[in-house]
Amino acid sequence: MRISVSLLWVWGMLLWAGSALAQRIPPVPAIAPRPLPIYADSLSRDAINRTGTSRGVMSSTVVSPGSPLDSASIFSADEFYQAVLEHNPIVRQAALLPAEAQAEVQQARGAFDPKLYSDYHRKNFGNTLYYDKWESGLKVPVWPGGLDVKLGYDRNRGEYLNPENVVPPTGLVALGVSVPLTQGLLIDSRRNTLRQAQLAINLADADRLKLINKTIYDAAKSYWDWYLAYQQFRWTDQGLQLAQTRFQAVRRRALIGDAAPIDTTEALITVQDRRVQIQDAAVNLQNARLSLTAFLWSSRDGAIPQPIDLPLTVIPQTAPPNLTNQVQLDELITRASQQHPELIKLATKQQQLTIEERYRRALLLPKVAFEASLLSRGPLSEANYDGANYYSFQPSNHKIGVDFAFPLFLRTERGKLRQVQLKNQQTGLERQQTGRDIVNEVQRAWNELATLEQQIATQQQTAANQQVLVRAEAEKFSLGESSLFLLNSRESKLIDYQVKLEELRAKHQKALANLWYAAGANVGTR
């Protein structure tokens with residue numbers, strides 16, 4: 001008799017504890033049937049202030065994915081990628097790289113800018129003007145042939161002036177040209193620098209594409225991590241609802257004597273276990289949302305970009321199938337072998353090294369420069385000045401000069417040329433290996449994508465079959481032909497299968513982003 005009383009007392013305490021716990025665990029409402037899509041521009045700070053952000057720390061503040069909120073919105077992957085491409089500071093930073101290269105080109109063009117010069121010297125001592133020399137002119141570099149066109153004016157006077165500096169009282173005008181005959185005729189340092197700076201624009205553009213592709217690839221991984229965390233929370237939430245509902249049912253059956261009291265304890269333990277799981281899933285969802293917001297910025301009308309947080313009511317889209325075919329693989333391999341940023345950079349570097357090699361070869365030639373100028377005295381103040389005067393521009397009034405220089409051993413020039421040739425060969429070999437690695441990487445990403453598609457199809461069948469088992473086990477349990485333990489085990493297995501299916505779908509989307517990244521593009525512009 002004492003044992004029966006003790007059992008009844010224990011039974012009553014378990015039912016009371018279960019009832020109290022059930023009151024403390026609020027049921028999670030059903031899923032909203034038709035959430036509205038959300039666009040990047042609608043992620044404004046006003047909306048954030050109204051709905052709250054993902055910066056909270058308590059899991060109870062995280063909106064359940066199954067909540068029937070009228071304002072629940074889907075933030076699609078394409079909209080997310082577009083927002084990153086338009087507003088993310090890293091993407092905007094990448095857009096500055098070509099502008100920086102253009103500035104270098106402008107700097108290199110400065111070597112061909114016309115230059116005005118003036119040089120004045122005067123010496124007066126003991127009331128005697130030793131000399132008064134003034135030389136000024138204009139020097140205009142010309143691209144073809146490395147020419148320099150010169151226009152000069154000299155006016156010199158004084159008691160102790162060097163005889164070679166004696167000029168007419170009105171000064172001496174010189175119009176001439178400096179021509180390199182060997183070294184510097186086809187290419188010189190100015191043209192070498194300018195051509196390489198122009199090619200550097202291609203390098204900067206390749207770096208821009210590479211940085212944008214990497215940013216979108218990282219953003220895609222964050223988005224599908226968020227998707228997986230959301231789906232894990234969603235399925236764990238559904239499992240918690242089922243456990244709560246079954247606990248209430250078993251409790252009522254135990255009160256009327258239709259079920260063993262120990263079943264109430266088992267149902268209560270299942271509720272407690274799934275409540276721990278839902279708390280863990282809520283934290284993972286919150287952290288995944290924070291990782292996603294690192295890519296979201298707002299920049300309007302040229303203003304400084306401002307960070308944006310996702311409203312708690314925003315949910316990810318469902319994972320699309322994105323089935324693959326051989327035609328797409330061939331197109332991606334062709335694209336990767338022609339337009340991959342790494343290959344563009346290496347090809348551009350080879351072109352730069354080729355120009356540098358031409359310049360270094362030119363330095364092996366003797367340096368011979370010819371200068372010639374026609375001379376004329378400065379214009380007279382009298383009105384009877386005649387341009388055909390004896391002291392005007394005449395073939396007989398000229399100044400010529402030849403400069404010659406040639407190192408005997410050319411060690412510096414030959415060593416530098418050999419160094420450039422070796423770098424060019426190394427870059428060519430690196431380009432071949434990089435091209436092969438890129439094609440292999442695209443093929444590996446494709447194989448992973450195709451395998452994941454097969455795994456998703458198999459996992460869908462497995463989850464469907466497990467769903468059939470759960471329904472059958474639930475019917476047997478309602479008829480008293482099965483145990484609560486077996487039913488909970490099959491339900492837990494179904495939740496695991498569903499979460500595994502969503503994990504495969506998230507991996508599939510990441511593999512798709514990796515495929516486009518391996519091909520030198522990004523999934524946001526596919």
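# A pocket, a sheet and a long helix

The lining of the largest pocket divides into 13 nonpolar, 7 polar and 6 charged residues. Nonpolar here covers Ala, Val, Leu, Ile, Met, Phe, Trp, Tyr, Cys and Pro; charged covers Asp, Glu, Lys and Arg; the others, Gly among them, are polar. The model is predicted: local features need pLDDT of at least 70, side-chain atom pairs count only at pLDDT 80 or more, and totals for chains, interfaces and linings use all residues. Residues are numbered from 1 along each chain as its sequence is written, and side-chain values use heavy atoms, with hydrogens and water left out.

**The pocket.** Which residues lie nearest the centre of the largest pocket? They are Glu135, Asp154, Ala174, Ser373 and Lys399, out of a lining of 26 residues. A pocket is an open set of points on a 1 Å grid over the protein atoms alone, where a 1.4 Å probe fits, with protein on both sides within 12 Å along at least five of seven lines; lining residues have an atom within 4 Å of a point. The largest pocket holds about 530 Å³ of space, counted as the space filled by probe spheres set on the points.

Five strands each give two or more residues to this lining: S4 (128-142), S5 (147-157), S6 (172-180), S10 (367-377) and S11 (398-405). S5 gives the most, with 6 residues. Strands (E, at least two residues) and helices (H or I, at least four) are DSSP runs, numbered from the N terminus.

**The sheet.** How many strands make up the open sheet, and in what order? There are 6, in the order S3-S4-S5-S6-S10-S11, with antiparallel pairing. So the strands named for the pocket lining, S4, S5, S6, S10 and S11, also belong to this sheet. Two strands pair if DSSP finds at least two bridges between them. The edges are S3 (115-125) and S11, each pairing on one side only. Neighbouring strands are turned by 15° against each other on average, direction ignored.

Now go pair by pair. S3 and S4 are antiparallel and share 11 bridges. Within this pair, His121 stands opposite Lys133 in S4. The hairpin of S3 and S4 has 2 residues between the strands, and Gly126 there takes a positive phi near 60°. S5 and S6 are joined by 7 bridges and run antiparallel. Lys150 stands opposite Gly176 in S6. S6 and S10 also run antiparallel, joined by 9 bridges. Here Val179 has Phe370 in S10 as its bridge partner.

**The helices.** Helix H5 (residues 189-255) packs with H6 (residues 261-293), H8 (residues 341-362) and H10 (residues 484-518). The values below use axes fitted to C-alpha atoms over the stretch in contact, with angles from 0 to 180 degrees between N-to-C directions.

| Pair | Angle | Axes | Contact residues |
|---|---|---|---|
| H5 and H6 | roughly 160° | within 8 Å | 20 nonpolar, 10 polar, 7 charged |
| H5 and H8 | roughly 170° | within 9 Å | 9 nonpolar, 8 polar, 8 charged |
| H5 and H10 | about 170° | 9 Å apart | 15 nonpolar, 8 polar, 9 charged |

Why is H5 called roughly antiparallel to H6? Their axes cross at roughly 160°, and that makes the pair roughly antiparallel, a label for angles over 145 degrees. The crossing of H5 and H6 is left-handed: the near helix is turned anticlockwise from the far one by less than a right angle. H5 crosses H8 at roughly 170°, which makes these two roughly antiparallel. H5 and H10 pack at about 170°, so this pair is roughly antiparallel as well.

Key:
Angles under 35 degrees count as roughly parallel, over 145 as roughly antiparallel, 65 to 115 as roughly perpendicular and the rest as oblique.
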